[in-house]
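Student: Before we discuss any labels, could I have the sequence and the structure in front of me, please?
Tutor: Here they are, and we will then set each value against its definition.

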Amino acid sequence: MSSNSAGIFRDHLLKEKVAFVTGGGSGIGQRMAERFAEHGAKVVLVGRKQEKLDVAAAAIRSVGGFAETAALDVRDYAAVEAAIKKTRDDLGEIDILLCGAAGNFPAPVTGMSANGFKAVIDIDLLGTFNTCRAAYESLRKPGASVISISANHATVAIANQAHVCAAKAGIELLMKTLAIEWGPKGIRANCITPGPTDDTEGMRRLAPTPEARLAAQNSVPLGRYGTKDELADLALFLCSEAASYITGSVYHCDGGTSLTRSSMS
Ligand code: COA
């Protein structure tokens with residue numbers, strides 16, 4: 001669990017809520033799920049590897065939180081649908097849907113096959129669609145909150161990241177479309193855009209050397225990497241009553257990186 005377990009909000013902000021978190025077995029998604037659990041939500045951690053999910057769920061349970069797991073690939077619609085049905089049967093309607101599952105590898109367009117491009121589009125964009133589409137009937141209406149993890153890639157062209165740029169741009173417009181289609185039902189849909197964030201698989205892949213790490217840090221107006229806790233606090237805000245009139249928005253939690261049009265975020 002995070003060192004910031006007191007958070008910046010009062011505890012039990014999400015008491016009785018149910019959260020379904022894809023990419024919840026590691027990284028940013030895991031920390032967001034932990035934050036939801038710290039505030040009383042029952043969380044379902046979704047990811048491809050059962051072993052990773054078991055470790056993440058055990059960490060939540062060890063401090064008194066509630067966590068279940070669902071091992072699946074978000075590219076598989078039937079699997080997502082089945083996990084959502086089980087969640088609904090076991091825990092009740094879903095209040096918080098966090099779409100955080102993502103894949104990435106750095107390669108120029110001429111260095112990736114059609115299948116490589118498709119892999120990232122399918123995990124990030126189709127996976128987000130699958131999760132939202134399958135969850136619609138199960139989302140508590142009104143009051144549910146959908147949050148997807150985007151990136152500065154959605155609005156800035158980044159060399160060696162064509163697949164991620166295309167996928168994240170699609171995710172942002174998908175969330176905005178959901179905001180208008182599902183708004184009348186009382187469902188909100190927003191995006192969170194991290195910048196360079198410490199201790200994440202994404203940064204290990206995008207900045208694998210000390211030099212690349214320093215370059216990424218120097219590109220941030222606030223002059224440092226962000227933390228998973230800071231992103232988790234934003235996710236907590238967005239799914240809470242405090243954000244009840246916020247939908248169709250993209251929230252940057254990136255130290256100002258988006259303003260510099262950095263190619264390292
Ligand atoms: N450069 C070029 N192509 C690559 C590649 C690389 N570094 N890594 C994978 N690919 C291609 C593969 O060659 C394959 O294409 P092919 O069939 O034409 O050869 C395609 O991508 C799919 O690869 P596969 O091994 O089947 O992986 P997958 O379908 O399970 O996709 C990835 C997963 C590729 C996105 C992988 O990087 C991943 O799972 N990453 C872990 C999560 C992650 O990156 N998290 C951070 C998110 S910011």
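Student: What follows H3, and what is the sign of its phi?
Tutor: Glycine 92 follows H3, and its phi is positive, near 105°. The model is a predicted one, in which local features need pLDDT of at least 70 and side-chain atom pairs count only at pLDDT 80 or more, while totals for chains, interfaces and linings use all residues. Residues are numbered from 1 along each chain as its sequence is written, and side-chain values use heavy atoms, with hydrogens and water left out.

Student: What makes H3 a helix by name, and how do you know that its span agrees with the expected one?
Tutor: Helices are DSSP runs of H or I with at least four residues, and strands are runs of E with at least two, numbered from the N terminus. The expected span is 1.5 Å times one less than the number of residues; for the 15 residues of H3 (residues 77–91) that should be 21 Å, and because the end C-alpha atoms are 21 Å apart, the two agree.

Student: Which residues of H3 are buried, and why are they said to line one face?
Tutor: Buried means under 20% relative accessible area, exposed over 50%, and partly exposed in between, with a 1.4 Å probe and protein chains only. In H3, Val80, Ala83, Ile84, Thr87 and Leu91 are buried. Seen down the axis of H3, these buried residues fall within an arc of 100° (taken from the directions from the helix axis to the C-beta atoms), so they line one face of the helix. Lys85, Lys86 and Asp89, on the other side of H3, are exposed.

Student: What do the buried residues of H3 pack against?
Tutor: They pack against strands S1 (18–22), S2 (42–47) and S3 (66–71) and against helix H4 (114–135), where contact means heavy atoms within 4.5 Å.

Student: Why is threonine 155 called exposed?
Tutor: Its relative accessibility is 52%, and therefore threonine 155 counts as exposed. Threonine 155 is found in the loop between strand S5 (145–149) and helix H5 (162–182).

Student: What makes the approach of arginine 75 to the ligand a polar contact?
Tutor: A polar contact is a pair of N or O atoms within 3.5 Å; within protein, one must be able to donate a hydrogen and the other to accept it, and residues adjacent in sequence count only if both atoms are side-chain atoms. An N or O atom in the side chain of arginine 75 is 2.9 Å from an oxygen atom of the ligand.
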